[in-house]
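Me: I have a model open and want the labels justified. Take me through them, one at a time.

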Amino acid sequence: MKAYLIRRIIHSLFAVFGVLLVVFLLVRLTPGDPALLLLPDLAPPDAVAALRKELGLDRSIFIQFWIFLQHVVRGNLGQSIFFRQNALKLVFQALPTTIFLTFGSFLIALIISIPVGVISATKRYTIYDHLTLVGVLLGQSMPTFWLGIMLILFFAVIWHIFPTSGPGGWKHYVLPCLALSTYMVALVTRLTRSGMLEILNEDYVRTARAKGLSERVVIGRHALLNTMVQIVTVLGLQIGTLLGGAVITEKVFALPGVGTLIIKAIELRDYPVVQASVLVTALLFVLINFLVDILYLYIDPRISYVSPEER
Amino acid sequence: MSRRKKDSPACTTVGKAQTSHKLPLLLRLKENIGGIFQRLLCHHGATFGGVVVIIAFLCAIFAPFLSPFDPLEQNLASRLKPLGWTDPDGHLHILGTDQLGRDVLSRIVFGSRVSLIVGTASVLLGGILGLILGLVSGYFGKWIDDLIMRIVDITLSFPFIILALCIIAILGTSLFNLIIVLAITGWVIYARVIRASVLSVKEMDFVQAARAIGASNFKIILRHILPNVVAPFFVISSFQVARMIIIEASLGFLGLGVPPPIPTWGNMLSDGREYLQEAWWIGTFPGIAIVLLVLGINLLGDGLRDAFDPKTYLKE
């Protein structure tokens, strides 16, 4: 277990290194002088020269990378060209919206998909099951942003139940979270259904029924609990996908999150902000994946993460 | 979803004919293409999906003949007109017009071109790259495997769309760049799956035998390994095309896809979002087009997976 933990940490550090490398190269690979890219258009020549010196642009690429790492550790990713603020600070201001959206959708997906999947599996081939399957298929084929537009059209423009867009109270987050969670709802419902179907055929489920346990206990404790292991794996991976999907959802609903910031920064060629937001999102992604992996250890005692040689 | 027409005798015999083989299905890929095709036809979903995909391709190829108007022709006098609007010259705009007076239906028909070009080209490019790297990684192992898998890990440590945005920030927007971006971000999934398949195939007796009689690595990979990883390759490819079409539309929606005035479904949806209050049809119909196409491709993918997978058809 300890060995696994160490291996997993090394793995994550490697990913962090990769993220830093890509963000570093982002500005270096863009045609033009990085110092000019990182400064406003009409920056005075001495400011350009100063930044060139600060970034070490006159030195080798390895030293530049080393200087970049030092800057990252100190939280200095430069000034936003457009907003005239510390780029990293801008990202941290936008981060809560994105995180809220991601976890809101995650919760919705969890609450809807598991019961629906379980019922669908226990009532196989009924009209309920067929409807679920059609819903799953549609949910997996719908682009998040189009669903968002349709939700706005019906719930905001036609029925006036929720606000159309923009930040605000909890009502402003209902439609975005629904739109963002749909793909995941479809995916997890399908997995729960197929997982349950498989397990309901297992011998121990038959035994449980034979010894007279109530159907609730059989399905809840024996079948669902074992399906959960499989589901949790996918759930963990999907948090990352939600994080990416949040970028588009924010744009649809005009929410001031990291996604909106990143897109605006790319449009304005505000490279310090692009760097900072890509860095923060990717690091968050690595962190989530790491935590999920560790979480498995506690969820499923059968997974020991010990390689055969160590056993 | 994956049930076949049970009443049709042809469909049940297709499965049975295959059960007589003792060898894995794909060792006999050549003889089985007919069988796979037949099983696809027996699969309701896949048939529907196939029809949708064929229609979409026909739309893209014959767009100039099918679309009633020039998709780029602007006419501010007839902007934001609703469904079924007839212009003063007596021409019918079935799906109305957009904020610049362009015909929505014509733009949807032409938009299929970008979606299909980007979807297939990026999957082709990314797929071949991933296939080669997966084969090399799985077959040779050692440091080259480590290297390739670490690159895969790093690529996967970015949320897909963020990585795509990152590369667009460097390359700028154009049709060609978009294909490159999606290929660069999409190859990893192939590399992973193909590598895993290679690892299991390479230990099989026939590979050992080929090695024993002195076949070169190149020949072993081409003749003995490749035919056995073709099935997962095609199955992933079909799902990837659907995924790439959605991502292309998303990037177009964000204003970072193929630049205007070229009509794309993503661009149209972005206009539709802006004019949602006045003209709901601009944003609704391109979305329906995307859903239909993606649904069709997914169904076809499901069918392909079932048709290729011996486990699925042997069960029934």
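Me: What share of the residues in chain A is buried, and what makes a residue count as buried?
Reply: This is a predicted model. A residue is called buried if 20 or more other C-beta atoms lie within 10 Å of its own. In chain A, 39% of the 311 residues meet that cut-off.

Me: Why is helix 8 of chain A called mostly covered?
Reply: Set its residues against the cut-off of 20 or more neighbours. Of the 30 residues in helix 8 of chain A, 22 are buried.

Me: What does helix 8 of chain A do at Ser181(A)?
Reply: Helix 8, residues 171-200, bends there by about 40 degrees. The angle is taken between axes fitted to the seven residues ending at a residue and the seven starting there.

Me: How many helices and how many strands does chain A have?
Reply: Twelve helices and zero strands. Read from the N terminus, the elements run α-α-α-α-α-α-α-α-α-α-α-α. The C-alpha trace spans about 85 × 65 × 30 Å along its principal axes.

Me: Why is Tyr125(A) called exposed?
Reply: Tyr125(A) has 8 other C-beta atoms within 10 Å. Exposed means 12 or fewer, so the label fits. Tyr125(A) sits in the loop between helix 5 (87-122) and helix 6 of chain A.

Me: What is notable about the phi of Tyr125(A)?
Reply: Phi is near 65 degrees, a positive value, and the residue is not a glycine. Most residues other than glycine have a negative phi.

Me: Is Lys142(B) buried or exposed, and how do you know?
Reply: Lys142(B) has 8 C-beta neighbours inside 10 Å. The limit for exposed is 12 or fewer, so Lys142(B) is exposed. This lysine lies in helix 6 (residues 142-156) of chain B. Its phi is positive, about 55 degrees.

Me: What makes the bond between Pro260(B) and Pro261(B) stand out?
Reply: The peptide bond joining them is cis, with omega about 10 degrees. Most peptide bonds are trans. Pro261(B) is in the loop between helix 10 (217-253) and helix 11 (265-274) of chain B.

Me: How many residues of chain A are in contact with chain B, and what counts as contact?
Reply: Contact means C-beta atoms within 7 Å. By that test, 38 residues of chain A touch 35 residues of chain B. Elements giving two or more residues to the chain A side include helix 1 (2-29), helix 10 (215-252) and helix 12 (271-299). That side divides into 29 nonpolar, seven polar and two charged residues.

Conventions: Residues are numbered from 1 along each chain as its sequence is written. Chains are lettered from A and ligands numbered from 1 in the order in which they are written. This is a predicted model: local features need pLDDT of at least 70, side-chain atom pairs count only at pLDDT 80 or more; totals for chains, interfaces and linings use all residues. Two residues are in contact if their C-beta atoms, placed from the backbone, lie within 7 Å. Helices (H or I, at least four residues) and strands (E, at least two) are DSSP runs, numbered from the N terminus. Ala, Val, Leu, Ile, Met, Phe, Trp, Tyr, Cys and Pro count as nonpolar, Asp, Glu, Lys and Arg as charged, and the others, Gly among them, as polar.
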